[in-house]
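I am opening a notebook on a structure that is new to me, and I want to write down what I looked up in it.

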Amino acid sequence: MQLQMASLPLFSPFHFLPSNQSSFPPNSTFHFHLHNPQHPFTTNANPSSSDHKAQDFATNPLQGIGGAPKKKKAKEKVHWVCSNCGYSAGQWWGVCRSCGEAGTMKEFHETKGSDSKVSGFAVMDGAVGSWLPHQDETQLRPLRLAEVNRGLDQLHWRIPLNGPCGNEVSRVLGGGLVPGSLTLVGGDPGVGKSTLLLQIAAMITEECNDSEASPVVYVSGEESVEQIGNRADRLGITSDIYLYSSTDIEDILKKVQHLSPRALVIDSIQTVYLKGIMGSPGGIMQVKECTSALLRFAKTTNIPVLLIGHVTKSGDIAGPRVLEHIVDVVLYMEGEKYSTHRMLRAVKNRFGSTDELGVFEMSHSGLQAVSNASEMFLSEQHLDSEILAGLAVAVIMDGSRTFLIEIQALCLSGSTGSRQVNGIHANRADMIISVLIKQAGLRLQENAVFLNVVSGLTLTETAGDLAIAAAICSSFLEVPIPNDIAFIGEIGLGGELRMVPRMEKRVYTVAKLGYRMCIVPKTAEKTLGNDGLEKMTLVGCRNLKDVINTVFPKEHCHSLICTFNLTSKDFTDSLRFLIVINMYRAASSSLKRHLKGHGSYLGATRFATSAAVATKPSSGGLFSWLTGESSSSLPPLDEPLKGIALPDSLPDLVEPSKTKITTLPNGLKIASETSPNPAASIGLYLDCGSIYETPFSSGASHLLERMAFKSTTNRSHFRIVREVEAIGGNIGASASREQMGYTFDALKTYVPQMVELLVDCVRNPAFLNWEVNEELRKVKSELGELSENPQGLLLEAIHSAGYSGALANPLLAPETALNRLDGPGLEEFVAENYTAPRMVLAASGVDHEELLSVAEPLLADLPNVPRPQEPKSIYVGGDFRRHGESGAVHFGLIQHFVLPPNLRVLNEYQQIHSFSAFNSIFNNTGLFGIYASTSPEFVPKAVDIAAKELLAIASPGQVTQVQLDRAKKSTKSAVLMNLESRMIASEDIGRQILTYGERKPVELFLKAVDEITLNDITKIAQKIISSPLTMASYGDVLNVPSYESVNSKFHAK
């Protein structure tokens, strides 16, 4: 052809051509690119470079043009390949345009111009073409079905796998290994995939006749042949298996061609590769093409190929999803990490059913078939052991096999709304629980429900619904189900029982395993009957109520229902009252332990709790005293059991012990009193509170209360908690305006541990920064919720408004102090105030000498710092008002007094929400007042009523002798009742010694109360109301009367 220079662009490379080279042979083909004038090639600023290029082009005009002998540098081509189906595209797509999956497009780079690219089919043809029978393509034609099946023995067509393990694998495969099939086996690492295929290879080899040269080739890309041989020795395999280690598909097929193997095993598909295919072994394209090559090999040679496939984190076969579409059979091997049982399941099978399941057990000699798979799903329940409530047996089917599995349930009261399931679909479990609540009347909404399937099996079919419901009922009612009852049935939303597929096979399996009873839907009972069920009884139920009445017989609690006068005709509605007898559980368990070996009445079924009553009406039982039945095997309750020594009875009157006090050389006091109680309460009390705080340490007492029993220099907080739990103790701390207390309550046998831990927590706090910051956050949250506690808010307000001085310090840490409170500040406050003369170690229920011997070495080294003078406080009275969102108004009228008597409680009025008297006692002063809450409209009237009630107490004749006597009795009763608590008794010892220097006997206080007269009441009340008034109000305070108007009511008298 002739190329005219005038037709070329201005910057075309052909401008450098000599005129004698401007034409080419007529038949030549010429490809070129017209360069853009803006291309960097045209703007080269280096003239020498341009000259060289022009010179080279003149020497060889075809260089750089298509067909030039010098190759251009290869360019990379980017592919986006779907990891699910293998679809390839030139650009990224959010959703695969082939399979529709999102987020599966992965980027791959391919070198452009490569001549070595091949496919799986091409490799197969090159590798096996030399030894395959040659077929003329002209003779290939479609065949009729009759021609294909002519002469084919279907019974012996498959390759058999004999032996118990082989039979189990054959069942999953559909009858044996199909010639020319491609089988993929997947599973988690270490589940036994390589072991299974090595055993299958041995089975195939053993089936070959001696005259047949049909070996099995086992190729591994992960292990050497020595390693494979070592594994074969461990499994006891001596078959003539050919082993080879390689990762190149072409090399593998060429090496095995002269063997003509009966089967080929590849371990694994993710480790082999194909030359010419982009990507490393295990990549999407490599896996796809390698599988295609092996598929063509299997179909052409009629040799079955077995592959091992890795799985991803989600449990899917690693590689593209198209891998599972290419192969004929996909088997998944499943097994729990810490269990020896393995399950082989077919998820795809072109030659059989996918409903079959093989069950194996991993042993030292490999995988062994499990003949009775139900054994691995049922726990051993011996007749002479106590079984737990909440167990039920379900009958399920996987493929053609029937399994009996155990369902476990646990109902825990006090934790509402919490549900945890393992092996059961959460939605199915929620539905069954809801049906039990609605249709059976069980109050499961007040319980936490936990469900579990034994051995890690996942329950997928609805035939297990009835067993799940029965297990929940058993745990909730605390009545165990006998271990010879099985359950089959689906539950509807109305509580009705429905049929499930293959009911007949399920029932016969239960009968063969020796079960006494099988609970099924009523329609199944009518269909099946009891023929051929040996000794098993088939019980049909229409709904859940029938099931409960059948499994939990009425005779177990009929007498109990009569005792409580339950009139319900339906037993199911009355079962919830069985929880009443849980109070006898401890006695029941103790008696059963002592009765073992002495002719127990218990039969074949043992009960876990006392919720199960007598099982044999004729002979009575453990609860015959409750049901009214006679018992010949148990002694009467008024006779002691043999071999059990009863403790001595306590006397009717126990004289209170005297309080003993010992003062250590450093000024610390140790006081205690004994008691017959087996428990003891110990407290360390300090003369330290908010009155000792300075503006820089404001809020320290409040924070120290929250930091009590946190980490010390010797123990972590976690260790402290564990030590307290180990001895069953209770710890606590409290802070007031004048004193602080740390208490420990536990059995008196642990007194040394209690004292040591208590002293360590008080003397050696670590005040870790993270613990201090955490408690400061809680204090800030507590202050934010103070508005929801108006009475506590007003109690703080009356001190800040009524006092001037130390008692005006806030007990709760103010928000302004939270930013400056820290660990070093607390350490300084403790070092200054936690001194020996200001401490008292008080105990109730502890021998004084024992307490002294333990505590003195721990406290004797505390510094003897002189006790400081208590900060002064002056009562001045005042008014506090704060507007709040509350719809009611809360107010208090407070007066000052020095010797506080106990006064009568004021009566309530219909318009007032609450109306009560209160008092606060300090070392040298005190407060008495009235707290009330009412609606905003009634505030003026309520304040007037409160003032009149206070004035009435101070008026002679307003308080009668009857009212005074009633108040005296009420006061003495409250004091004596409180002192019965060992914790209050130890607190009373400690606080009295801090205040008075001694513990005054309670008789002195009771005598002082008895000596109060009406005249004393009048005089004390007149003295109280003569002091300045303090008012505090919170809420809608617009209608609260002024301070002056209310104060004038008292001082006008």
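The entries below go from a helix pair to two backbone details and then to the cavities.

I note that this is a predicted model, in which local features need pLDDT of at least 70, side-chain atom pairs count only at pLDDT 80 or more, and totals for chains, interfaces and linings use all residues. Residues are numbered from 1 along each chain as its sequence is written, and side-chain values use heavy atoms, with hydrogens and water left out.

Entry, helix pair. I looked up helix H10 (residues 426–439) and helix H11 (residues 465–477), which pack at an angle of about 55° with their axes 10 Å apart. H10 and H11 are therefore oblique to each other, a term for angles that are not under 35 degrees, over 145 or from 65 to 115. Helices here are DSSP runs (H or I, at least four residues) and strands likewise (E, at least two), numbered from the N terminus. The contact (heavy atoms within 4.5 Å) is made by Arg428, Ile432, Ile433 and Leu436 of H10 and by Asp465, Ile468, Ala469, Ile472 and Cys473 of H11.

Entry, backbone. I found that Glu478, in the loop between H11 and strand S17 (485–487), has a positive phi of about 55° although it is not a glycine. The peptide bond from Asp267 to Ser268 is cis, with omega near 10°, and Ser268 sits in the loop between strand S7 (263–267) and helix H8 (284–301).

Entry, cavities. I searched the whole structure and noted 11 cavities of 30 Å³ or more, a cavity being a set of points on a 1 Å grid over the protein atoms alone where a 1.4 Å probe fits but cannot get out.

Notes. On a 1 Å grid over the protein atoms alone, a cavity is a set of points where a 1.4 Å probe fits but cannot get out, and a pocket is an open set with protein on both sides within 12 Å along at least five of seven lines; lining residues have an atom within 4 Å of a point. Grid points are joined across faces, edges and corners, and a volume is the space filled by probe spheres set on the points. Axes are lines fitted to C-alpha atoms, for helices over the stretch in contact, and angles run from 0 to 180 degrees between N-to-C directions.
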